[in-house]
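Dear colleague,

I am passing on the structure we spoke about, with the sequence alongside. Please have it open while you read the notes underneath.

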Amino acid sequence: MPMPEWLRIRRSSDAGVSDAALWTKCPSCSEVLYRRDLAANLDVCPKCAHHFRMHAFDRIASIVDGDFTEIGADVLPLDPLGWADKRPYPAKLEADRQKSGLTEGVVTGLAKIGGFDVALGVMDFYFRGGTMGSVVGERITRLLEAARSASLPCVLFTASGGARMEEGMLALMQMAKTTAAVTRFIEAGNFMLVVLTDPTTGGVSASFAFQADVIVAEPKAMIGFAGRRVIEQTIRQKLPDQFQTAEFLLEKGHIDMVVDRRELRATLIRLFEYAAAGRRVTGSNGAVRTVPTGVDTQ
Amino acid sequence: MNPIVDREKGLLELERRIAELRSANAKQPVDISAEIAALEAKYALIQREVFGELSAWEKVHMARHPNRPTTLDYLSQLDRFDELHGDRQIRDDPAIVGGFALLAGRAVVAIGQQRGRDTKENLRRNFGMVTPEGYRKVARLAKLAVRLGLPIITFVDTKGADPGIGSEERAQSEAIARCLYEFTLARVPIIATIIGEGGSGGALALAIADRVVMLEHSVYSVASPEGCAAILWGDAGKADEAAAHLKLTAQDLQRFGIVDEIVPEPLGGAHRDPVGMVGRVLEVVATALAGFDGQSADEILEVRYRRYRRLGAWQDGLREVGGAVP
Ligand SMILES: [Zn+2]
């Protein structure tokens, strides 16, 4: 489906996102920002470059060439544990659907980026904190399967508080399920790229996020296994501000690069060029060979 | 502290008195066997009352019981065990023990989390909470097993992966993700047994397997009941309620298709007969392994893939998939 039409349909029901207020304040430098200016700058503060958390649809619009063909849109959540804490799980899901305009915590599909056909998955922190339940696991698995059968590179944007508690062990098992899909995708010779955005923790960071070939992160994104609060409670002291940021992980050697959102699309395209240049292809006799073709700089 | 330990106190006292009376009875002219029989009946009644049916939260405490058999209790009852150490990079994590072993005459690689059996050992083994070095040791041993064609057996017993500063600095996420990756692709049969507490991703790192076995009162959970209650109710005191919600018992997980086999425990828990318990579990593991004899690695991997591919509960159009509601 052409991008503008797809976006219009998806957004028609999400009054909460479209225009809650005209102005917003940057949490980092306190500058008061006109929302439309902020959106035009990819949700990056023009004054201090603070990266606001981005909605999945805005992210997709910011990164693809044009069209986006959604995969797994029919995969929707159930309530396998009959969960209720302060509110029943189905009520929480409904509230987040209203708030975010999303049906679940990840949007997956096929698109072109810089002319490259790619499989693209974008998690959204505004739906259940981007937690991974059965639907997130199933959609990512289907995306990787589609990418594998078409030998497409895959790029996943993560934003997640970890496994979704309301689905209990079925949520934890999504770590195993997505891993299974990643292994088949990567072992078949395909290129997997992950962009870690704020925040990425727990079951998502400890599964497919850190299994990618190349790992990019957005500036100042909080990334780790254990949440900051859990660690502070365990060690009974305050953690330094820098701890678990993208820059910290870069210094420690956990990730490949930290990229400003405004440079991200160009960076991804360059990475796809390298992956395509050394593309493993199957010859007519079924043998896998590596074909160095050089980087096509368009 | 542990309500199971508290409850046992009265029973242990009764046991002591029965034993005393028995030895006195043998020496005395007056027959008190009727009195002994009455006490024994009372003991059996209380034991059934106290341990006959455990709630999810009680099972959590049973799984954490200080005397519950730990990984080393299982390893020491194998025909042979030769421990291998270290991640080849930074250090040897004592919260993981692993190495070559013989199980019912079969050479295997055995790996498990090891919590301490007393305070001193708990400090040394970090309460069974594994650091990245431990998970890298696991991945190394798994790869070694594959290269030599040895089956992998694991024993899971951890509150969760270590949540410390050092573990974050040394990429805990990547270390766990690496274990998941290696276990998924390991071209040998894998049998995982949840012997105590299976805490979240730190437990799953040793539990991607072709057959998952669980002790009757072991638990396996996406989050600790305390942590879950703190997050969802803002009150860690609601952990008992959270435990019931989380569906973390062996019985629940078997219904979800996450656990294949449950090994019964003696009344009062595995620690009441540790040697017998360990023996029965090792027998179950040996039998499970024998079931893979004659299967090719490709077959095993295909079935393992499908096992995890189907897990979850979702709606697909009008069709509901998975998630048998217990
Ligand atoms: Zn700012």
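What follows goes through the contact between the chains, the sheet that spans it, and then some features inside single chains.

Please keep in mind throughout that this is a predicted model, and that the values below were computed from it.

To begin with the interface, chain A contributes 57 residues to the contact and chain B contributes 53. Together the two chains bury about 4,800 Å², of which 69% lies on carbon and sulfur atoms. On the side of chain B, 14% of the area buried against chain A comes from E168(B), Y181(B) and Y305(B), which is more than any other three residues supply. There are also 4 salt bridges between chain B and chain A, whereas the count over all chains comes to 51.

A sheet is also shared between the chains. Its 3 strands are arranged in the order β4(A)-β9(B)-β10(B), forming an open sheet with antiparallel pairing. Because β4 (75-77) of chain A and β10 (319-321) of chain B stand at the edges, each with a single partner strand, one side of each is left without a neighbour in the sheet. Neighbouring strands here are turned against each other by 35 degrees on average, direction ignored. The join across the chains consists of 3 bridges between β4(A) and β9 (residues 314-316) of chain B, and within it V75(A) has D316(B) as its bridge partner.

The residue D316(B) appears a second time, since R142(A) forms a salt bridge with D316(B) in which the closest N and O atoms are 2.8 Å apart. Helix α6 (residues 134-149) of chain A lies across β4 of chain A together with β9 of chain B, and runs at about 165 degrees to β4(A).

Within chain A, the side chains of E218(A) and R261(A) meet in a salt bridge, with an N to O distance of 2.8 Å. E218(A) lies in the loop between β9 (214-217) and α9 (228-235) of chain A, while R261(A) belongs to helix α11 (residues 261-277) of chain A, so the pair ties together parts that are 43 residues apart in sequence.

Within chain B, the axes of helix α1 (residues 3-27) and helix α3 (residues 56-63) come within 8 Å and cross at roughly 85 degrees; α1(B) and α3(B) are therefore roughly perpendicular to each other. P3(B), I4(B) and R7(B) of α1(B) make this contact with E58(B), H61(B) and M62(B) of α3(B), and by class the contact has 3 nonpolar, 1 polar and 2 charged residues.

With best wishes

Definitions and conventions. Residues are numbered from 1 along each chain as its sequence is written. Chains are lettered from A and ligands numbered from 1 in the order in which they are written. This is a predicted model: local features need pLDDT of at least 70, side-chain atom pairs count only at pLDDT 80 or more; totals for chains, interfaces and linings use all residues. Side-chain values use heavy atoms; hydrogens and water are left out. Axes are lines fitted to C-alpha atoms, for helices over the stretch in contact, and angles run from 0 to 180 degrees between N-to-C directions. Helices (H or I, at least four residues) and strands (E, at least two) are DSSP runs, numbered from the N terminus. Angles under 35 degrees count as roughly parallel, over 145 as roughly antiparallel, 65 to 115 as roughly perpendicular and the rest as oblique. Contact means heavy atoms within 4.5 Å. Ala, Val, Leu, Ile, Met, Phe, Trp, Tyr, Cys and Pro count as nonpolar, Asp, Glu, Lys and Arg as charged, and the others, Gly among them, as polar. Two strands pair if DSSP finds at least two bridges between them. Buried area is the accessible area (1.4 Å probe) that two parts lose on being put together, summed over both.
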